[in-house]
Amino acid sequence: MVKRTDLCCANGHQLSPVGKHFVREVVHHIPGRLYREQIFEQTYKCAACELTDGLSHLYQGTAPKALIPHSLATSSLVAELLYHKYALGTPLYRQMTEWRRIGLILSETTMANWVIKAAEIVQPFYNLLHEQLLAQPCLQGDETPFQVLREPGKTAQSKSYIWVARSVRLAKHQIIYYAYGDTRSGKFAQQIYTGFRGVLQCDGYSGYNQLGDSIDRVGCWAHVRRKFFDDANKVKGHFVVTEPLRLLNKMFQVEQDWRALSPDLRKQQRLDKLKPLINQFWQWCDQADATPKSRLGIALTYAQNQRATLNRVLKY
């Protein structure tokens with residue numbers, strides 16, 4: 001054993017090693033392979049102090065704190081497991097075979113516990129991201145169905161939702177915040193946006209109506225265009241570019257042309273060139289005649305119900 005010369009007691013005497021004890025064993029992950037590390041805590045004594053007072057002067061090192069107590073888990077191993085589960089969509093029971101193939105036998109219960117513990121570890125950071133997000137002046141929000149198996153009080157076929165709030169493209173700090181909700185109720189939207197005092201771009205879902213006047217809602221023209229696109233594509237193999245879809249396509253084209261401009265210049269371009277296109281679009285919608293349950297009728301109703309929030313694109 002190499003003698004350390006930098007280990008001294010409180011009195012400056014050289015310490016001598018007298019033993020060590022096993023602390024734990026962990027597994028690290030490097031893409032393509034695993035390696036095992038055994039961690040020990042070394043114990044030292046000061047012979048000089050013992051000669052002085054006849055007492056044993058023992059000093060013990062402290063091993064780094066485990067990511068998850070009493071487990072093989074390391075940050076690299078858990079990060080890989082979470083990447084496969086959430087980024088690649090590989091369920092834990094299917095990951096068991098792959099981990100076993102490269103030499104690590106894990107149960108589904110163990111991996112599930114690691115996922116839960118990892119969530120608890122990052123919770124403060126998750127809360128901080130939410131806090132920083134709500135401090136931004138402009139946000140974009142949406143929600144999408146998410147199926148959860150064996151959820152208490154719900155059938156496997158029922159819908160839950162992943163709510164997403166994110167910063168806009170030009171924000172200095174980019175943040176994307178995901179929140180799971182077992183409901184699409186507007187009360188859950190209130191939980192996410194409580195404390196936000198800015199501009200929120202979202203679709204026409206009525207749940208956002210409960211956010212109150214402290215938030216300036218702006219409609220999403222992409223959702224409107226999707227409805228008219230469905231109408232233009234109602235006959236398979238016979239796509240027809242309708243007048244409202246042509247106007248919407250033109251709106252998106254000019255916005256793309258202004259993408260690199262400053263906010264002030266982009267606002268001026270919208271007033272000069274986008275506003276006439278929006279006026280033509282609403283004129284067409286006002287005179288259109290369609291049955292309510294047809295694709296065109298659904299598109300018209302969806303657009304007209306959001307007329308005020310959609311027109312706010314000219315405000316910014």
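## A buried cysteine

At 2% relative accessibility, Cys-202 counts as buried. Keep in mind that this is a predicted model. What is the closest cysteine sulfur to that of Cys-202? It belongs to Cys-220, and the gap is 8.7 Å, so the two are too far apart for a bond.

## No disulfides here

A disulfide is a covalent bond between the sulfur atoms of two cysteines. If you go looking for one, you'll come up empty: the structure holds zero disulfides. Cys-138 is in none either, and its nearest cysteine sulfur, on Cys-202, sits 13 Å away. A pair would have to be within 2.5 Å to count.

Is Cys-138 buried, exposed or partly exposed? With a relative accessible area of 29%, Cys-138 is partly exposed, whereas Cys-202 is buried.

## The annotated stretch

UniProt, in an unreviewed entry, puts the feature "domain: Transposase IS66 central" at residues 70-315. Over residues 70-315, helix accounts for 51% of the chain and strand for 12%. The C-alpha atoms at the two ends of that stretch are 57 Å apart.

## Two helices crossing

Now for a helix pair. Helix 3 covers residues 92-101 and helix 4 covers residues 108-134. Their axes come within 9 Å and cross at roughly 110°, which means that helix 3 is roughly perpendicular to helix 4. As for handedness, helix 3 passes helix 4 in a right-handed crossing.

Which residues make the contact? From helix 3 you get Leu-92, Tyr-93, Gln-95, Met-96 and Trp-99. Helix 4 brings Glu-108, Met-111, Ala-112 and Val-115.

Notes. Residues numbered from 1 in each chain as written. Predicted model: local features only at pLDDT ≥ 70, side-chain atom pairs only at ≥ 80, totals over all residues. Heavy atoms only, no water. Buried < 20%, exposed > 50% of the residue type's maximum accessible area, 1.4 Å probe, protein only. UniProt positions renumbered as here; feature names shortened; annotations may be inferred. Helix = DSSP H or I, 4+ residues; strand = E, 2+ residues; numbered from the N terminus. Axes fitted to C-alpha atoms, helices over the stretch in contact; angles between N-to-C directions. Parallel < 35°, antiparallel > 145°, perpendicular 65-115°, else oblique. Left-handed = near helix turned anticlockwise from the far one by under 90°. Contact = heavy atoms within 4.5 Å.
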